[in-house]
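This report looks at the empty spaces inside a protein model and at the residues that surround them. Please keep the sequence and the 3D view open while reading.

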Amino acid sequence: MGDIILPRRLFLWCMTLIYMVAFVSLYVQIPGLYGNDGLLPARWQLRYTGKPLLDQLLSSPTLLWLGPHLGLDTQTAMELLCLTGAALSVAAMLVEALRDSLVFFCLWALYLSMYQVGQVFLYFQWDNLLLETGFLCILVAPLTSVRGSRAVREHDRVTFWLIRWLLFRLMFASGVVKLTSRCPTWWGLTALTYHYETQCIPTPLAWFAHQLPVWWHKLSVVGTYVIEIPVPLLFFSPLRRLRLGAFYLQVLLQVLIILSGNYNVFNLLTLTLCLSLLDDRHVNFWLRKANKFDDENNDSKLLPWLCYLVELVLWALLIIGTMICFDLQVDSAKNAISSRTAFTYHQFNQFLKTVTFPIIWIGVLSLTWELVTSMFRCACVSGFLKRFLGMIQLTVFAAAAVSMFAVSLVPFSFVEYDSHARLWPGVRQAFGLVDRYQLANSYGLFRRMTGVGGRPEVVIEGSKDGNTWTEIEFMYKPGNLSASPPVVTPHQPRLDWQMWFAALGPQTQSPWFTSLMYRLLQGKREVIELIQTDVSKYPFHEEPPAYLRAHRYRYWFTEPKADGSYPERWWRRVYDEEFYPRVHLGNTFLDGMLGQFGLKDKSAPRRVSNATVAQAVRWVRTQVRGVPAHTLIWTLIACCATFCLLPGLRSKNKHAEQTAVTHKMAEKVNDHTEGVDEDLSDPEEKQEQQAKEEEDDEKNTEDEEEDDEENEQEVINENDDEEEEEILDKSF
């Protein structure tokens with residue numbers, strides 16, 4: 001694999017962007033989710049027992065323990081941590097020197113602090129993925145206080161390899177669990193005929209994707225299996241084009257998911273992980289920049305042809321294996337491609353038992369290769385002191401990389417029980433010690449397809465008199481049949497997501513739903529803003545409802561009309577059952593459920609802090625209140641992207657001006673020389689001897705001009721290369 005300086009820098013820049021989005025998205029929801037009048041107040045998770053601060057941090061690693069020492073309550077402390085994380089992320093996006101190990105450690109610690117008290121609203125796989133990736137950034141990022149951020153370190157390839165290993169675990173496990181779950185829709189290749197309308201928050205394009213023919217949906221499932229199970233093995237291929245092919249297939253899958261569903265930062269984070277498959281040569285290809293060290297002097301033409309042959313054989317085997325495993329056949333009568341799963345669960349389970357440990361050894365060999373090549377590079381460094389310090393640095397980071405790899409084997413082996421049982425007990429013990437810090441996690445998205453009999457959706461209704469009922473419409477989740485699906489990526493409305501999970505089972509499986517009904521009956525503005533940012537659109541914004549109830553419906557996408565025109569509504573629905581009975585404040589059932597789930601707050605209300613920090617946090621809240629979260633996030637992204645691109649554009653214009661000035665000076669020199677030549681050749685009375693001397697001078701002048709032009713061209717070419725590098729440096 002070639003140099004990875006540019007992919008590594010681009011990866012770190014993207015991570016600062018993702019951190020910024022995650023912190024801002026969570027910040028706007030803190031009062032309604034975790035505030036003193038929120039659904040699940042975070043202060044209930046922090047029991048101050050008088051223990052020393054260090055013991056509290058060890059029992060629950062969160063910086064919120066410092067809140068009382070700063071005179072802040074838990075809600076204000078959470079908002080302060082989110083604001084700090086967002087500000088630090090923006091600063092790191094704009095200033096490359098801040099994309100430092102210490103900065104990424106702070107970002108990871110801040111998000112971990114929120115995760116520890118986030119409860120059910122923060123227990124998503126992408127939150128775990130962000131924490132694991134964020135910790136790896138601490139190893140990948142430079143320590144600018146010791147060495148410059150652009151300095152090439154011998155261990156960079158080793159630490160950056162951990163990102164590739166994480167990407168492999170994520171994609172491979174996501175494909176495997178679809179089959180190990182024994183979900184009939186995944187085994188029958190019909191999952192996507194339900195997915196587009198049953199996913200949490202679909203986009204408008206999901207409606208159009210849902211109308212595609214069934215054979216296309218089944219073929220898409222086959223493509224998903226191929227991209228998620230065999231293709232990730234190419235991540236560790238020594239052949240560069242195989243890795244690039246795997247990269248573009250992963251990008252294709254993630255882009256299609258982004259277009260059809262709102263999955264917050266998850267797909268953006270996965271695309272960022274895919275950067276670990278690139279090298280400087282390919283990034284320069286994107287930038288239309290010539291590579292300085294192309295293999296132009298490679299005399300052997302046999303090796304490239306052998307590589308081409310191996311690549312063709314592997315892609316051919318992949319295609320043929322897909323056709324055999326899924327019995328792909330062309331149906332000329334229907335102009336379609338038929339497909340079915342041509343293997344059994346037992347066969348697939350045997351396949352997993354066969355390949356799990358070899359895959360682990362592939363990872364071991366790949367990491368070992370990176371370690372050996374890094375040691376060789378370090379040994380080739382000139383100067384004893386530099387070589388000695390580089391070797392110490394490489395040893396430390398190599399030990400960290402090996403430790404992270406070993407710990408990650410525990411969650412990776414969850415895909416196959418027998419392989420997990422065969423792991424060395426010491427590795428499992430090490431995983432247990434670091435599990436609370438989310439350093440290594442198991443993944444498996446879309447394990448089972450829900451909503452096969454129709455998308456279950458909970459609809460809350462309110463009434464002032466108990467007779468006339470009004471539906472409470474959420475901003476993002478389906479409810480109103482005529483409302484088009486929204487586009488909210490990369491924001492995650494966490495209440496809307498949990499409403500989707502709540503509809504899959506009885507209300508007793510979602511204790512927070514009782515708290516939601518209770519807060520709406522109280523008319524708490526913080527909770528209402530989770531439903532409608534513009535409170536005036538909430539039907540009971542003037543006076544809280546006296547009664548609330550909830551029903552479960554079954555939703556489906558509408559179908560195009562017979563003439564091919566689009567229907568007036570996006571959804572159709574059928575009543576299913578009562579989800580939550582009619583309740584009011586003081587209702588026996590409501591009070592019983594609050595007591596059963598421990599949702600009654602018996603502690604006295606806390607005094608509002610007047611500390612300067614608390615007042616500043618409250619002021620920021622007043623500035624963003626009423627602004628939709630996705631609008632706020634995209635505004636920040638646009639501003640940051642503009643500030644990142646402006647220095648590069650400024651530098652490009654300055655270089656263009658310098659080049660123009662250089663050309664003008666060269667033209668003036670040429671004009672002056674031509675004028676002198678004319679003056680010397682015009683007088684006829686000059687003697688022949690003087691003419692010969694002038695001719696000699698002309699020849700000397702022309703030779704000097706040619707040398708000057710060559711030097712000028714070399715300077716221009718060097719300036720072009722420096723200008724392109726400067727634009728890239730200032731942009732990322």
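In this predicted model, the lining of the largest cavity is made up of 10 nonpolar, 5 polar and 5 charged residues. That cavity encloses about 270 Å³ of space, and it is one of 5 cavities of 30 Å³ or more that the structure holds. Its lining consists of 20 residues, and those that lie nearest its centre are V28, Q29, E529, L530 and T533. Four helices, namely α2 (30–34), α20 (494–502), α22 (525–531) and α24 (612–624), each contribute at least two residues to this lining, and the largest share, 3 residues, comes from α22.

The second largest cavity contains about 80 Å³ of space, and among the residues that line it are A22, S25, Y111, W126, D127, L130, N264 and H491. The elements that give two or more residues to this lining are α1 (5–27) and α6 (125–140), with α6 giving the most, 3 residues. Sorted by class, the lining of the second largest cavity has 6 nonpolar, 4 polar and 2 charged residues.

Pockets can be described along similar lines. The second largest pocket holds about 1,000 Å³ of space; it is lined by 43 residues, of which S220, G223, T224, L253 and L256 are the closest to its centre. Several helices supply at least two residues each to the lining of this pocket, including α7 (156–180), α9 (192–198), α12 (240–260) and α15 (302–325), while α11 gives the most, with 10 residues.

The table sets out the classes of the lining residues for these three spaces.

| Space | Nonpolar | Polar | Charged |
|---|---|---|---|
| Largest cavity | 10 residues | 5 residues | 5 residues |
| Second largest cavity | 6 residues | 4 residues | 2 residues |
| Second largest pocket | 30 residues | 11 residues | 2 residues |

A single residue can be examined in the same careful way. Is T185 buried or exposed? T185 is found in helix α8, which covers residues 184–187, and it counts as buried because its relative accessibility is 5%, whereas the cut-off for buried is under 20%. When its neighbours within four places in sequence are left aside, T185 is in contact with T190, A191, Y194, M449 and V452.

Technical notes
Residues are numbered from 1 along each chain as its sequence is written. This is a predicted model: local features need pLDDT of at least 70, side-chain atom pairs count only at pLDDT 80 or more; totals for chains, interfaces and linings use all residues. Side-chain values use heavy atoms; hydrogens and water are left out. On a 1 Å grid over the protein atoms alone, a cavity is a set of points where a 1.4 Å probe fits but cannot get out, and a pocket is an open set with protein on both sides within 12 Å along at least five of seven lines; lining residues have an atom within 4 Å of a point. Grid points are joined across faces, edges and corners, and a volume is the space filled by probe spheres set on the points. Ala, Val, Leu, Ile, Met, Phe, Trp, Tyr, Cys and Pro count as nonpolar, Asp, Glu, Lys and Arg as charged, and the others, Gly among them, as polar. Buried means under 20% relative accessible area, exposed over 50%, partly exposed in between (1.4 Å probe, protein chains only). Contact means heavy atoms within 4.5 Å.
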